[in-house]
Amino acid sequence: MTSNDLKGSAADHTALEEPKLEPPLPPVGFRRLVCHDDQPFEIVPDSLVFPEVPAKLYESVFDFGCGCGRIARQLLCQTPKPLRYTGVDIHRGMVDWCRENLTVIDPNFTFHHHDVWNLGLGPDNTRQRTAPFPVESGSVSLVVAHSVFTHLYKDQTEFYLSEVARIMTDGGMARTTWFLFDRSSFPMLFDFQVSLFINEIDPTNAVIYDWQWFLQLVRSSGLRVSRTIPPSIPGHQWQIFLQKRTSPGDSDEFPGSPEALRMMCAPTVTVQAQTKTAPRPLIGSGKLRFTGDAGEAEFRSRCGELDWWYHSYYFDNGFSVRGDYDIGADVAHYGFPESMAGLRVLDVGTGAGWFAHYFEQLGADVVTVDARDYSDFDVYGRFNNPPMNADRPPDHYDEYGRPVYFSPVSRGFWIMKDLLGSRIRFRHARVYELCPALFDGQMFDLVFMGAILCHLRDPIGALMAARSVCKHRIIASTPIVLGEPESETLPRQYLPYTAVDRISWWLPNEACFRHWFLASGFMAPDISREVTLRADLIRLNGARPANGDQILRVGTAFVP
């Protein structure tokens with residue numbers, strides 16, 4: 001062996017022993033925009049960047065909010081290194097630095113300027129609030145969104161969570177971080193207000209979301225929470241791992257214990273303890289309190305006067321009468337105030353009256369409105385409904401001696417009103433006849449319209465009539481067209497007429513449902529809530545069921 005051979009072997013050995021060179025550090029100005037010190041930029045050898053993420057998921061990485069390459073630098077040194085990495089950020093200067101200093105190390109690491117406007121980091125960008133991710137659907141095994149959703153407005157969060165679901169592979173995962181709070185600690189918030197801000201000049205400086213709204217959004221985006229790591233310090237960021245939802249029954253691995261909730265950005269225990277002092281309907285069980293004096297025999301006898309109930313009633317003392325729909329089973333998802341003490345509430349189209357009695361038990365002063373007869377209904381193909389038989393005697397007289405005529409569904413209201421000793425007041429009117437004069441000039445803090453808009457030939461006209469007697473908030477529910485998200489489809493409403501159903505008119509898509517409220521003079525509509533109208537006692541119409549579970553969308557809007 002020659003001396004040159006020895007030199008060559010030594011050189012090879014030296015090369016093998018030489019440690020990998022770390023990618024260059026970004027300029028300190030960029031680093032301080034990302035975090036307060038350089039510790040998060042450190043590269044830990046022989047470890048995964050995110051130990052909670054299986055190694056096989058690092059094959060294709062999408063880094064939403066890549067900044068100046070903090071995570072990209074670490075992934076360049078990781079084993080296994082991603083076969084493909086795509087980073088996007090709204091800060092053009094940081095993206096340019098990453099292209100010039102990191103892509104040259106590995107061309108499979110690409111960076112894109114995300115041209116979305118932001119006061120702090122993208123003031124010169126195009127004034128658009130969102131933009132699609134520049135990758136194919138179903139192509140990313142790991143999405144990283146570190147400290148991104150903590151800086152986005154509600155509509156941006158809704159859009160980008162759907163984008164996460166779009167680009168992720170079926171077995172993929174998204175690692176996200178969030179600031180969370182519990183809305184029950186902020187009773188002054190309206191239903192559509194699900195986020196808190198800490199900076200008056202630039203609200204995106206930090207955005208804090210209600211944890212229950214967050215879970216609803218995850219589900220509606222087709223995702224599920226596969227793992228949650230609460231912060232070690234109260235109020236700091238939650239690490240939440242998301243995967244695609246494979247079935248409606250998939251559970252979310254999110255801790256709801258008091259200990260976990262104490263780590264949110266607002267206390268919960270004190271407020272929750274205070275709300276338990278007043279008697280309330282048993283919301284979690286879907287039961288009302290039985291407030292009357294009747295015994296079980298009298299209760300059964302009175303309920304037996306009606307051979308068909310539209311609403312089921314279940315009470316805390318075990319009394320019950322079953323009907324077409326168990327409204328109480330999903331009432332917690334409507335977004336009603338936890339207390340209605342001191343509020344005047346109008347229940348339009350009360351039917352068998354379950355909602356009206358629920359509102360009264362929450363402390364409201366309740367007035368209900370219902371039709372007199374089938375002739376008051378909007379019937380498809382009948383431009384001029386025949387009037388009610390003039391010789392028909394009243395079915396009842398109210399406490400003021402006014403005649404009452406039972407509609408096809410309202411007789412149950414009067415039976416239950418008597419049994420409960422209720423003080424709810426009733427007025428006959430078609431929905432289009434709502435006006436202040438009907439109620440002696442009095443206005444209502446809350447107007448509720450439960451699943452009747454679909455039965456009206458003019459839902460906007462009905463909402464306009466409701467607006468004339470509403471001084472604060474309206475809540476209305478309706479079936480909508482599934483599969484037409486507002487972000488992708490213009491406002492449309494469909495006419496689902498069949499020979500079997502001649503009292504159902506319009507089925508709106510999401511955008512149309514929102515515009516119904518806007519066209520009627522309301523503001524700030526929130527149509528994000530979803531409830532299930534649960535069939536209880538199945539009724540047959542020939543060989544076909546006459547009732548079944550229905551998915552409803554709930555809209556909330558306000559008077560300007």
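**Briefing: a nonpolar patch, an open sheet and some unusual backbone spots**

Leu 33, Val 34 and Leu 121 together make a nonpolar surface patch of about 230 Å². Keep in mind that this is a predicted model. The protein has 560 residues, with 13 helices and 24 strands to find your way around. Below is a quick tour, starting with the patch and ending with the backbone oddities.

**The patch and Leu 121**

- Of the patch members Leu 33, Val 34 and Leu 121, here is a bit more on Leu 121: look for this residue in the loop between strand S3 (109-113) and strand S4 (140-145).
- Leu 121 has a relative accessible area of 35%. That value counts as partly exposed because it falls between the 20% limit for buried and the 50% limit for exposed.

**Overall picture**

- Taken along the principal axes, the C-alpha atoms fill a box of roughly 125 × 50 × 50 Å.
- Buried residues account for 49% of the 560 in the protein.
- The accessible surface adds up to about 26,600 Å², and carbon and sulfur atoms own 54% of that surface.
- If you take the contacts with a separation of 6 or more, 68% of them are between residues 24 or more positions apart.

**The seven-stranded sheet**

- Seven strands form an open sheet in the order S16-S13-S12-S17-S18-S24-S21, and the pairing is mixed.
- Strand S16 (425-428) and strand S21 (523-533) sit at the edges with a single partner strand each, so one side of each has no neighbour in the sheet.
- On average, neighbouring strands of this sheet are turned by 20 degrees against each other, direction ignored.
- As general background, strands of a sheet pair through backbone hydrogen bonds, either parallel or antiparallel.
- For edge strand S16, the pairing with strand S13 (residues 365-370) is in the parallel sense and runs over 4 bridges.
- Zooming in on that pairing, Val 369 has Arg 427 in S16 as its bridge partner.

**A buried loop serine**

- Ser 221 lies in the loop between helix H6 (211-220) and strand S8 (223-229).
- Despite the loop address, Ser 221 is buried, with a relative accessible area of 15%. The label applies because 15% is under the 20% cut-off for buried.
- Once you set aside neighbours within four places in sequence, Ser 221 is in contact with Leu 161, Ser 162 and Ala 165.

**Backbone oddities**

- Most residues other than glycine have a negative phi, and most peptide bonds are trans. The spots below go the other way.
- Thr 79 and Pro 80 are joined by a cis peptide bond, with omega at about 5 degrees.
- Pro 80 is in the loop between helix H3 (70-76) and strand S2 (84-89).
- Asp 440 is not a glycine, yet has a positive phi, near 55 degrees.
- You will find Asp 440 in the loop between S16 and strand S17 (444-450), and the residue is exposed, with a relative accessible area of 71%.
- Ala 524 also isn't a glycine and has a positive phi of about 50 degrees.
- Ala 524 is placed in strand S21, one of the edge strands of the sheet.
- With a relative accessible area of 26%, Ala 524 is partly exposed.

Definitions and conventions:
Residues are numbered from 1 along each chain as its sequence is written. This is a predicted model: local features need pLDDT of at least 70, side-chain atom pairs count only at pLDDT 80 or more; totals for chains, interfaces and linings use all residues. Side-chain values use heavy atoms; hydrogens and water are left out. Two strands pair if DSSP finds at least two bridges between them. Helices (H or I, at least four residues) and strands (E, at least two) are DSSP runs, numbered from the N terminus. Axes are lines fitted to C-alpha atoms, for helices over the stretch in contact, and angles run from 0 to 180 degrees between N-to-C directions. Patches are made of residues with over 30% relative accessible area and no salt bridge: like charges are joined within 9 Å, nonpolar side chains (Val, Leu, Ile, Met, Phe, Trp, Tyr) within 5 Å. Accessible areas come from the Shrake-Rupley method with a 1.4 Å probe; for residues, only the protein chains shown count as cover. A salt bridge is a side-chain nitrogen of Lys or Arg within 4 Å of a carboxyl oxygen of Asp or Glu. Buried means under 20% relative accessible area, exposed over 50%, partly exposed in between (1.4 Å probe, protein chains only). Contact means heavy atoms within 4.5 Å.
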